[in-house]
Amino acid sequence: MPHLAIDYSARLSEGFDPGALVRELHPLVVEESGSTGVCKTLLRPVRTYVGDGACDETPFVHVEVGLMPGRPEARKTRLSESILDLLAKHLPTGGTVETVISVEVRDLAVSYRLSPPRAHR
C-alpha cells in the first residue's frame, strides 16, 4: 500500500535508471515498513536547483514515502537510511558534480482514501 514519489533531476537521465531503482525500492519499502499490498510510485523528472544560485542546476533526488499511520519513528528512520543507501548505489559516480539526495518517510493523512482500480478507455 505504500505510496512513493521520486523527484529527480532531469539531467540525471544519462547514467540513472529510475526503473532499476524502483525494482529494488519496492521490496525494500514493503519489507522494512511492514506494509502489505504493493507500492505505487510516481517518477517525476524535474529541473532542480540547490542553494541561492539559480544559474547552476544541481543534480538532486528526493524520495517521499507515504505510509498508513502507526509505525514507530525508529522504523521510519531505518527505512529512510536504507533508501539513502539504495539511492547512492543507483546514482552515477565518477563525475565532478555531486548529487544531493534526500528521503522523507511520512504518515498519510487521516483523510487518505484509495479507490479500487477502474477500467478506462
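Mentor: A salt bridge is a side-chain nitrogen of Lys or Arg within 4 Å of a carboxyl oxygen of Asp or Glu. Keep in mind that this model is predicted.

Trainee: What makes E73, K76 and D107 a network of salt bridges?

Mentor: Take the pairs in turn. K76 and E73 have their closest N and O atoms 2.9 Å apart. The cut-off is 4 Å, so that pair counts as a salt bridge. K76 also meets D107, at 3.1 Å from N to O. That value is within 4 Å too, so this pair qualifies. K76 takes part in both bridges, so E73, K76 and D107 are linked.

Trainee: Where do K76 and D107 lie in the chain?

Mentor: K76 is in helix 2 and D107 is in strand 4, 31 residues apart. The pair links distant parts of the chain. K76 and E73 are 3 residues apart in helix 2, about one helical turn.

Trainee: Why is K76 called buried?

Mentor: Its relative accessible area is 5%. Buried means under 20%, so K76 fits.

Trainee: And what makes E73 exposed?

Mentor: E73 has 56%. Exposed means over 50%, so the word applies. D107 has 32%, between the two cut-offs, so D107 is partly exposed.

Trainee: How do you know that E24 and K89 meet in a salt bridge?

Mentor: Their N to O distance is 3.5 Å. The limit is 4 Å, so they pass. E24 sits in helix 1 and K89 in helix 2, 65 residues apart.

Trainee: How many salt bridges does the structure hold?

Mentor: It holds 5.

How values were computed
Residues numbered from 1 in each chain as written. Predicted model: local features only at pLDDT ≥ 70, side-chain atom pairs only at ≥ 80, totals over all residues. Heavy atoms only, no water. Helix = DSSP H or I, 4+ residues; strand = E, 2+ residues; numbered from the N terminus. Buried < 20%, exposed > 50% of the residue type's maximum accessible area, 1.4 Å probe, protein only.
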